[in-house]
Amino acid sequence: MVIRTPHVDSRLPQVGTTIFSVMSALAQQHGAVNLGQGFPDFDCDPKLIDAVTHAMRSGLNQYPPMTGVPALREAIAEKLAALYGHRYDAGNEITVTAGATQAILTAVLAIVHPGDEVIVLDPCYDSYEPNIVLAGGRAVHVPLTPRTFRPDFAAIAAALSPRTRAIIVNTPHNPSATIWSAEDMQRLAGLLRPTDVIVIADEVYEHMVYDGRRHESAARIPELAARSFIVSSFGKTYHVTGWKVGYVAAPASLMAEFRKVHQFNVFTVNTPVQHGLAAYMADPTPYLELPAFYQRKRDLFRAGLTGTRFALLPSEGSYFQCVDYSAISDVTEEAFCRHLTCDIGVAAIPLSAFYPGGFEQRIVRFCFAKTDATLARALERLVAL
């Protein structure tokens, strides 16, 4: 008897192993300093660990409500009101998620029907288009202005059609480290005013904005808040990316649709971590101090890079730094990243990986969410280029 594994037509035939996995594996193989993937190599505040441990030891280990622990949703609502001036109802307009990636997928599945179009702004986080495809929609790619990565509102306007269901906006932006201004957000609001287009606002780096500027959340503008899913990440904010906990805020009518999907693709999220986060959020100091914390790391890393032949692009927000390597090499971005990892001992990510089909600008992305010692070790190697 021949045992046969059935053939399956892939839902995502164009998707393979991500460049992040490839570069991290290469970094491990060659003992390279990994400035590729966006995660810290330092610990979170011990008080947060203590808060979660206390919740576990207090017996808070069974299923929480599907929408999230009430105390945590209340804490999120208070934070959003304090920072952005918009009061979300914790009961009906906030849901705790298993990280931001799950939140974005759930938002897409909740609103996108087969044949719908979703505008994505390239370069963009690599989960956006697969999410849209899984929902039966079509991603409409609109490039940000090359090298400056500013939004091209004329191009966005031209991409709008009767089939446009949503637009995904990411600020602070991964991978370019740029941020949208208040004027940018107002222009988006004006552009969408006569439409029913929904905004999926990926704001996971909301607390990493530098040089005295502020994060312009979609929640700040009432007419955007009325049509937006706002996504954030506790993993990014509190240096616990492996915990995979985030949240979404949206008007009650949108959130009702979000929760219909959420209850069947995740149902609920780690109970003691939610209780620990709720207790920890009573003090806003950790996220209020985050801009200064990461700006110091950014400045340290940028100062070290001035001793290299890299040309530095602005780093306005997030914990990334993009550099132009044109003065060093004319090979493709992926080839240059492989050379950096295998021969120089520092892993980076090619910016072309964030474009459909690739787009070469001789730019690579480093992550500076690392200890000073890690950054110093990386800079010592990069200066040798």
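Me: What backbone angle does Gly59 take, just after H2?

Reply: In this predicted model, Gly59 has a positive phi of about 85 degrees. You'll find Gly59 just after helix H2.

Me: And the other end of H2? Which residue caps the N-terminal end?

Reply: That's Asp45. To read a cap, look for a side-chain oxygen and a backbone nitrogen: here the Asp45 oxygen sits 2.9 Å from the backbone nitrogen of Lys47.

Me: How do I read the span of H2 against what is expected?

Reply: Compare the distance from first C-alpha to last with the figure expected at 1.5 Å a residue. H2 runs over residues 46-57, twelve residues, and reaches 16 Å, close to the expected 16 Å.

Me: Which residues of H2 are buried?

Reply: Leu48, Ala51, Val52 and Ala55. They cover an arc of only 90 degrees around the axis, which puts them on the same side of H2. Turn to the face away from that buried side and you meet the exposed residues Pro46, Lys47, His54 and Arg57.

Me: What do the buried residues of H2 pack against?

Reply: Two helices, H9 (234-238) and H11 (271-280).

Me: Why does Pro46 count as exposed?

Reply: Exposed means over 50% relative accessible area, and Pro46 is exposed because its value is 55%. Pro46 belongs to helix H2. For a sense of sequence versus space, take Pro46 and Thr371: they are 325 residues apart in sequence, and 17 Å apart in space, C-alpha to C-alpha.

Me: Let's try H13. How many residues does H13 have, and how far does H13 reach?

Reply: H13 (290-305) has 16 residues and reaches 23 Å from first C-alpha to last, close to the expected 22 Å. Its buried residues are Leu290, Tyr294, Lys297, Arg298, Phe301 and Leu305. They cover an arc of only 100 degrees around the axis, so they lie on the same side of H13.

Me: What do the buried residues of H13 pack against?

Reply: A mix of helices and strands: H9, H12 (285-288), H15 (372-382), S9, S10 and S13 (363-367).

Me: Where does Ser315 lie, then?

Reply: Ser315 is in the loop between strand S9 (311-312) and strand S10 (320-324).

Me: Is Ser315 buried or exposed?

Reply: The cut-off for buried is under 20% relative accessible area, so Ser315, at 3%, counts as buried. Skip its neighbours within four places in sequence, and Ser315 is in contact with Ala177, Tyr210, Arg298, Arg302, Phe320, Gln321 and Phe368.

Me: Now for empty space. How many cavities of 30 Å³ or more does a search of the whole structure find?

Reply: Rolling a probe the size of a water molecule over the atoms shows where empty space is left. Here the search finds one cavity of 30 Å³ or more. The largest cavity has a volume of about 70 Å³, and its lining includes Leu121, Cys124, Tyr128, His173 and Trp180. Strand S5 (residues 164-170) gives the largest share of that lining, three residues.

Me: What about the largest pocket: which residues lie nearest its centre?

Reply: Gln14, Val15, Asp126, Ala353 and Tyr355, out of 24 lining residues. The largest pocket holds about 700 Å³ of space. Helix H1 (19-30) and helix H5 (128-134) each supply at least two lining residues, and H5 contributes the largest share, three residues.

Definitions and conventions
Residues numbered from 1 in each chain as written. Predicted model: local features only at pLDDT ≥ 70, side-chain atom pairs only at ≥ 80, totals over all residues. Heavy atoms only, no water. Helix = DSSP H or I, 4+ residues; strand = E, 2+ residues; numbered from the N terminus. Expected span 1.5 Å × (residues − 1). Buried < 20%, exposed > 50% of the residue type's maximum accessible area, 1.4 Å probe, protein only. Arc of directions from axis to C-beta. Contact = heavy atoms within 4.5 Å. Polar contact = N/O pair within 3.5 Å; in protein donor to acceptor, adjacent residues only side chain to side chain. 1 Å grid on protein atoms, 1.4 Å probe; cavity = no way out; pocket = protein on both sides within 12 Å on 5 of 7 lines; lining within 4 Å. Points joined across faces, edges and corners; volume = space filled by probe spheres on them.
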